[in-house]
Amino acid sequence: MSAEARRWLERIRALPLPERFRIMNVCGGHERAITMAGLRRLLPPGIELIPGPGCPVCVCPEEDVHQAVQLALREDVVLVAFGDMLRVPVNVPRRVPRSLEQARAAGADVRPVASPMEAAAVARAEAPRPVVFFAAGFETTMAPVAAMLAEGAPENLFVLLSGRLTWPAVAMLLESETPGFDALVAPGHVSTVMGPEEWRFVPERHGIPAAVAGFTPESLLAAFYSVLRQHLEARPFLDNCYAEVARPGGNPSARRLLAEVMEVCDAPWRGIGTLPRSGLRLRMAWRAHDARARFPAYEEEGRRRAGRMPPGCDCARVVLGRIYPDQCRLYGRACTPRRPIGPCMVSDEGACRIWWAGGVASRRSTRPGSRSARDAKTVPGARRRPTLAADARASRLPGLDGTKADE
Ligand code: SF4
């Protein structure tokens with residue numbers, strides 16, 4: 001661990017910490033950085049780090065995956081998708097392929113791609129065969145899909161779009177009676193595209209501290225420190241601890257392309273239900289490239305799968321931060337990366353997969369309430385705390401300057 005990360009840890013430990021403080025992250029990259037750096041073990045025990053709805057593959061609805069599998073099984077179709085979508089299972093009878101990988105084993109032409117441009121290249125090479133690009137992702141993935149279409153996609157490329165926006169899931173949690181967290185670490189990549197100010201509603205409407213973070217332990221620890229200070233000073237605002245990359249207004253070109261090619265719509269989230277204005281669909285001008293318009297019968301068939309989850313699968317509660325991965329009774333037993341039951345064990349951004357890859361069998365040391373009574377009495381007000389601005393000067397880290405991200 002770097003000297004800077006150690007300094008942030010010391011600052012956090014020196015705070016008069018509440019007995020319990022729950023910080024949710026909504027980015028698979030954050031969860032991976034937290035787990036691989038072992039930050040849960042290093043933080044004081046009353047601080048809980050909760051993985052939230054940060055994995056687009058995990059929330060991709062069953063009906064969309066089923067539709068992709070059925071399209072792949074058509075003899076004339078080439079199906080391309082990002083690699084981690086290939087192993088996402090759907091709950092179907094054993095004799096039927098339950099993932100794109102199984103469809104490929106059954107003879108379907110399924111190919112992984114690393115980018116929308118690669119999908120377009122496959123379509124050009126295979127013309128006039130129809131190539132269906134199953135594109136699931138958040139804003140950061142949708143922007144390059146929009147750019148590829150705007151630049152002029154081959155006529156035989158059809159996009160099966162499963163785009164989702166990140167903030168509506170957080171808004172849904174905050175508007176529920178039990179949000180389940182006391183502060184939010186907002187996603188760095190999404191903020192880079194959409195602008196950090198998209199997360200202003202968290203402190204302003206709900207009074208919850210929030211900070212945008214990057215993907216290093218230093219940036220994450222700075223964000224944890226910021227939200228703790230905001231809480232202790234009863235002064236919630238949106239801090240930006242990733243200011244060198246996530247700038248006010250985000251990426252104007254990416255946002256323009258998104259608005260030009262896609263429109264916001266109500267959308268289902270796997271195991272969660274339909275969230276208003278949480279999805280992206282192609283605008284009418286791009287209907288010629290819409291797989292749902294080109295193959296309407298498959299959409300109807302896919303809809304019949306809606307809401308079906310594998311028995312015992314707790315992915316929806318993991319995605320919403322209601323439980324930790326190891327609280328699913330299938331974690332590491334029936335469900336492992338080799339034999340995944342739910343999408344959270346498939347995707348590189350899924351919390352279950354990240355925990356398993358990080359060697360986390362259980363989170364004994366970070367169990368809620370594990371902070372001892374003796375520790376809980378730690379020195380309220382015993383040390384005069386420096387101001388956020390003073391900390392920023394001392395650390396030279398971006399953010400933590402006591403100003404709102406959009407100022
Ligand atoms: S362990 Fe498997 S079934 Fe359980 S929540 Fe995680 S991915 Fe889903």
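# A walk through two sheets and a ligand shell

Start by selecting strand β1, residues 21-25, and strand β7, residues 183-186: the two pair in the parallel sense over three bridges. Keep in mind as you go that this is a predicted model. Zoom in on Met 24 and you'll find it standing opposite Leu 184 in β7.

**The five-stranded sheet**

Now widen the selection to the whole sheet around that pair. Five strands make up this open sheet, in the order β2-β1-β7-β8-β9, with parallel pairing. Colour β2 (47-51) and β9 (238-241) to mark the edges, since each of these strands pairs on one side only. Look along the sheet and you can follow its twist: neighbouring strands are turned by 25° against each other on average, direction ignored.

**Helices on this sheet**

Next, select helix α2, residues 28-36. Helix α2 lies across β1, β2, β7 and β8 (210-213), and runs at about 125° to β1. Then add helix α12, residues 217-232, which packs on the sheet and touches β1, β7, β8 and β9. The direction of α12 makes about 170° with that of β8.

Go back to α2 for a moment. How many of its nine residues are buried? Seven of them are, so α2 is largely enclosed by the rest of the structure. To see which ones, show Gly 28, His 30, Glu 31, Arg 32, Ala 33, Ile 34 and Thr 35 as sticks; these are the buried residues of the helix. Just after α2 comes Gly 38, which has a positive phi, near 65°.

**A stop at Leu 43**

Move along to Leu 43, in the loop between α3 (39-42) and β2. Is this loop residue buried or exposed? Leu 43 has 22 C-beta neighbours inside 10 Å, so it counts as buried. Try drawing a distance from the C-alpha of Leu 43 to that of Phe 224: the separation is 9.8 Å, although the two are 181 residues apart along the chain.

**The six-stranded sheet**

Time to switch to the other sheet. Select β4, β3, β5, β6, β11 and β10, and you have an open sheet of six strands in the order β4-β3-β5-β6-β11-β10, with mixed pairing. The edge strands here are β4 (109-113) and β10 (262-269), each pairing on one side only. From one strand to the next, the twist averages 25°.

Inside this sheet, pick out β3 (residues 78-82) and β5 (residues 131-137). These two run parallel and are joined by four bridges. One contact to click on is Val 80, whose bridge partner in β5 is Phe 133.

Step across to the other side of β5 and you reach β6. Seven bridges join β5 to β6, and the two strands run parallel. Here Ala 135 has Leu 161 in β6 as its bridge partner.

How many of the eight residues of β6 are buried? Eight of the eight are, and the strand is mostly covered. Show the side chains and compare the two faces: Leu 157, Val 159, Leu 161 and Gly 163 point one way, while Phe 158, Leu 160, Ser 162 and Arg 164 point the other way, and all are buried.

**Helices α7 and α8**

Add helix α8, residues 139-152. Helix α8 lies across β5, β6 (157-164), β10 and β11 (273-282), and runs at about 150° to β5. Then bring in helix α7, residues 116-126. The axes of α7 and α8 come within 8 Å and cross at roughly 40°; the two helices are therefore oblique to each other.

What meets what between these helices? Select Pro 116, Met 117 and Ala 120 in α7, and Pro 144, Val 145 and Met 148 in α8, and you have the residues that meet. Sorted by class, this contact has six nonpolar, no polar and no charged residues.

**The ligand**

Now centre the view on the ligand. Of the 14 residues around it, the ones that come nearest are Cys 328, Cys 335, Gly 342, Met 345 and Cys 352. The whole shell divides into twelve nonpolar residues, one polar and one charged.

**Zooming out**

Finish by showing the whole protein, with its 19 helices and eleven strands. Colour by burial and you'll see that buried residues make up 51% of the 407 residues. Of the contacts with a separation of 6 or more, 77% come from residues 24 or more positions apart.

Terms used: Residues numbered from 1 in each chain as written. Predicted model: local features only at pLDDT ≥ 70, side-chain atom pairs only at ≥ 80, totals over all residues. Pairing = 2+ DSSP bridges. Axes fitted to C-alpha atoms, helices over the stretch in contact; angles between N-to-C directions. Contact = placed C-beta atoms within 7 Å. Buried ≥ 20, exposed ≤ 12 C-beta atoms within 10 Å, placed from the backbone. Near = placed C-beta within 6 Å. Nonpolar A, V, L, I, M, F, W, Y, C, P; charged D, E, K, R; others polar. Parallel < 35°, antiparallel > 145°, perpendicular 65-115°, else oblique.
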